[in-house]
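Open your viewer and get ready to click along. We will visit a few spots, one selection at a time.

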Amino acid sequence: MHQTYTYRKFPYAPPPELKESGARRHPLVIVGCGPVGLAAAIDARQHGIPVLLLDDDDTVSVGSRGLCYAKRTLDVLDRLGCGDPVVAKGVGWDVGRTFFRNDEVFNFNLRPQPGFKRPGMVNLQQYYLEDYMVQRALDAGVQIRWKHKVVAVQPHDDHAGLQVETPDGSYAVEADWLIVCDGARSPIRTMLGLDIDGKIFQDRFLIADVVMKADFPAERWFWFDPPFHPNQSVLLHREADDVYRIDFQLGWDVDPEEEKKPEKVIPRIKAMLGDDREFTLEWVSVYTFQCRRMNDFRHGRCLFAGDAAHQVSPFGARGANSGVQDADNLVWKLKLVMDGRAPLHLLDTYTAERGFAADENILNSTRSTDFITPKGAVSKTFRNAVLELSRELPFARKLVNSGRLSVPSFLTASPLNTPDCERFEGDMVPGAPMDDAPVERDGAPAWLIDQTGGRFQALLFCDDPSELDDAMQWQLLGLAEAAIPVEPLVVARRAGKCSLKCVVDSEGLAFKRYDARPGTLYLLRPDQHVAARWREPEVSRIVAAVARATANFDQE
Ligand SMILES: Cc1cc2nc3c(=O)[nH]c(=O)nc-3n(C[C@H](O)[C@H](O)[C@H](O)COP(=O)(O)OP(=O)(O)OC[C@H]3O[C@@H](n4cnc5c(N)ncnc54)[C@H](O)[C@@H]3O)c2cc1C
């Protein structure tokens, strides 16, 4: 097989604890150096928290796993300082096409409007994603220990005790807080005797990653019952380095070991691509999947995130995407709790908000899976009838489900939101992930989303910043000095001078997307979700909304 990526090996170092008696206490230990543990570690460092990150391995994700990273995840990666290499190396795309037999029956565009920094999706092999995230984590000062395997966990009221095994012996560590990102099998979940509920799907898929020069557009193509693989489905994605990822549905009754043999795989690919196209195999594997989640993502001082907390089928690309968004939701809350600026209860809203997102992901993933792999003859007849009708009838196209792709959750039911008391149109409701827009900053093109994140912010919309009321400016500057600071950001229709940081809504899209008028103010959370908004803001209301968004309910 041809390998396009040379796996990075990270150095193991014996820990100082091996020469000491007793356990060292760390404010935050994260277990698992996958995309989710890395995202949490980088975010924690950006909040100034010292981080010890433990992984039992010494390299990045081996083989073919995650490949599609959604716009919201790219926004989070940008905030974490590692979006650029991912987008530069990956293959950006917006359009997906679904075929039934030989005909296209449906297509979608993930980003129908222009004016966003990032594409709807970027395809990139998971090993590259992790490679870039490891580099960023090291640059941010995360202490990563490779080949350090957690073998025991003891929960306590005010910390978690860990036993860690290394090639040179084992040692004990104490963590004020433990973020568990040790993957779908989550040894720590098992060590703590915690359950994860859901269902296993009885189907198998063959992954064949092939390296070839081809002129397929940067789009997602999905076939139901194609002539080259009858009665099953096939998915094609283009990735970096001229690698194409092909997923062939196999059914449940096949022998996975037999299916991985080149003499079985190569004819399948040739049937799809034709005999003349040259390609080499980079990776072959067979996967099955499950949709399940833990009831609660917080158990005392142990916080579960990513695959350790919830799993979905790969259709829809919701695994790493949702895990990175878990980290995005968790770390700012943890920082406030660690600093004593928010009650412990704030961390329970992590389960509430990300549990809601996990349920949405599981529902969507299960629906896609049921459509792609119908159970029984009646379901399959119905499925094929929908596909037949969708050639001609728009209503049937809406029922075609080849994997609804990862979108961020709108946390509209969150107790952290302040409900609207005025009328607004559009999507930017309390709980929504913020929309991006092109802006100008100091006369240069920029993106609204890049001006935000990592702290509470007040986005004040106005025509001309030089006409802003002085009292309002002073009050907003005062909020920036509060115990939980709120940084003001003016979004103006035209350039002008004022004492606050200011961007110009160069194409009018920020005003449009936020249904803003001069005077409208949006309160954004550190994870770039809308917490509250007003047409006629008052400082007392902003203070109350920050108290609510940080679960300081008695201070509202
Ligand atoms: C075929 C396939 C396709 C996929 N496609 C996509 C996609 O397109 N988009 C997407 O978003 N997701 C996709 N996923 C899902 C994605 O791969 C996972 O959701 C993602 O890797 C989860 O990240 P994680 O950090 O939670 O866990 P992992 O990536 O599994 O990382 C867990 C880490 O914990 C370490 N660890 C485990 N036990 C211990 C221990 N005891 N001590 C120390 N370290 C330990 C492991 O070595 C590992 O490094 C796909 C998955 C598959 C299988």
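Begin by selecting residues 220 to 238: you will see β13 (220-224), β14 (233-238) and the loop between them, which holds Asp225. Keep in mind as you look around that this is a predicted model. Asp225 is not a glycine, yet its phi is positive, at about 50°. Is Asp225 buried or exposed? With 19 other C-beta atoms within 10 Å, Asp225 is partly exposed, because a residue counts as buried at 20 or more.

Next, go to Asp515, in the loop between α13 (509-513) and β25 (521-524). Here too is a residue other than glycine with a positive phi, near 45°. Asp515 has 16 other C-beta atoms within 10 Å and is partly exposed.

Now select two helices together: α1 (residues 35-46) and α4 (residues 126-139). Their axes are 10 Å apart and meet at an angle of about 25°. Angles under 35 degrees count as roughly parallel, so that is how α1 and α4 run. Their crossing is left-handed. Show the side chains where they touch: α1 brings Pro35, Leu38, Ala41 and Ile42, while α4 brings Leu129, Glu130, Met133, Val134, Arg136 and Ala137. Eight of these contact residues are nonpolar, two are charged and none is polar.

Last stop: helix α8, residues 319-338. At 1.5 Å a residue, its 20 residues should span 28 Å, and the end C-alpha atoms are indeed 28 Å apart. Of those 20 residues, 18 are buried, leaving α8 mostly covered. Finish just after α8 at Gly340, which takes a positive phi of about 75°.

Technical notes
Residues numbered from 1 in each chain as written. Predicted model: local features only at pLDDT ≥ 70, side-chain atom pairs only at ≥ 80, totals over all residues. Helix = DSSP H or I, 4+ residues; strand = E, 2+ residues; numbered from the N terminus. Expected span 1.5 Å × (residues − 1). Buried ≥ 20, exposed ≤ 12 C-beta atoms within 10 Å, placed from the backbone. Axes fitted to C-alpha atoms, helices over the stretch in contact; angles between N-to-C directions. Parallel < 35°, antiparallel > 145°, perpendicular 65-115°, else oblique. Left-handed = near helix turned anticlockwise from the far one by under 90°. Contact = placed C-beta atoms within 7 Å. Nonpolar A, V, L, I, M, F, W, Y, C, P; charged D, E, K, R; others polar.
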